[in-house]
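Reader: I would like a close look at a single part of this protein, and a plain account of what can be said about it.

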Amino acid sequence: MEFGKVQYFERVETKHYREFIQAHNNCILCSSVLELRHIRTDEALEIKEEAYCPQCDLRTRAKNYTMN
Ligand SMILES: [Zn+2]
């Protein structure tokens with residue numbers, strides 16, 4: 001990781017990061033704040049992430065993260 005490079009692009013990165021957060025924490029249909037759930041699997045090596053809109057009764061994503 002190049003620290004100087006990160007600093008140089010700090011503003012751009014921050015803006016993109018905020019847009020990323022916005023897009024992933026609000027419902028695409030009604031813009032309600034999504035409820036995030038993190039569920040550990042039985043093996044405890046993966047975390048399942050779900051984003052759920054209580055207004056639309058919509059589950060917008062489910063991801064699995066593997067813990068190393
Ligand atoms: Zn919604």
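In the hairpin of β1 and β2, which residue takes a positive phi?

Author: The residue is A44, with a positive phi near 65°. The hairpin of β1 and β2 has five residues between the strands.

Some ground rules come first. Residues are numbered from 1 along each chain as its sequence is written. This is a predicted model, in which local features need pLDDT of at least 70, side-chain atom pairs count only at pLDDT 80 or more, and totals for chains, interfaces and linings use all residues.

The protein has two helices and three strands, in the order α-α-β-β-β along the sequence. Helices (H or I, at least four residues) and strands (E, at least two) are DSSP runs, numbered from the N terminus.

In the hairpin, β1 covers residues 35-40 and β2 covers residues 46-53. The two strands run antiparallel and are joined by six bridges; strands pair if DSSP finds at least two bridges between them. Within this pairing, R40 stands opposite I47 in β2.

Strand β1 lies largely in the open, because the number of its six residues that are buried is zero. A residue is buried if 20 or more other C-beta atoms lie within 10 Å of its own, exposed if 12 or fewer, and partly exposed in between, with C-beta atoms placed from the backbone. In the protein, buried residues make up 1% of the 68 residues.

H38 is in strand β1 and is exposed, with 10 other C-beta atoms within 10 Å. Not counting residues up to four places away in sequence, H38 touches I47 and E49; contact here means that the C-beta atoms, placed from the backbone, lie within 7 Å. The C-alpha atoms of H38 and A62 are separated by 9.6 Å, and these residues are 24 apart along the chain.

Ahead of β1, the loop from α2 (10-25) holds I28. I28 is exposed, with 12 other C-beta atoms within 10 Å. From I28 to L58 the C-alpha to C-alpha distance is 10.0 Å, with their positions 30 residues apart in sequence. Among contacts in the protein between residues at least 6 apart in sequence, 20% join residues at least 24 apart.

Last, confidence. The pLDDT is the predictor's confidence in each residue, from 0 to 100. The protein averages 72, and 60% of the residues score at least 70. Confidence is highest in β2, at 85, and lowest in helix α1 (residues 3-8), at a mean of 52. Where pLDDT is low, the predicted coordinates should not be read in detail.

Technical notes:
Two residues are in contact if their C-beta atoms, placed from the backbone, lie within 7 Å.
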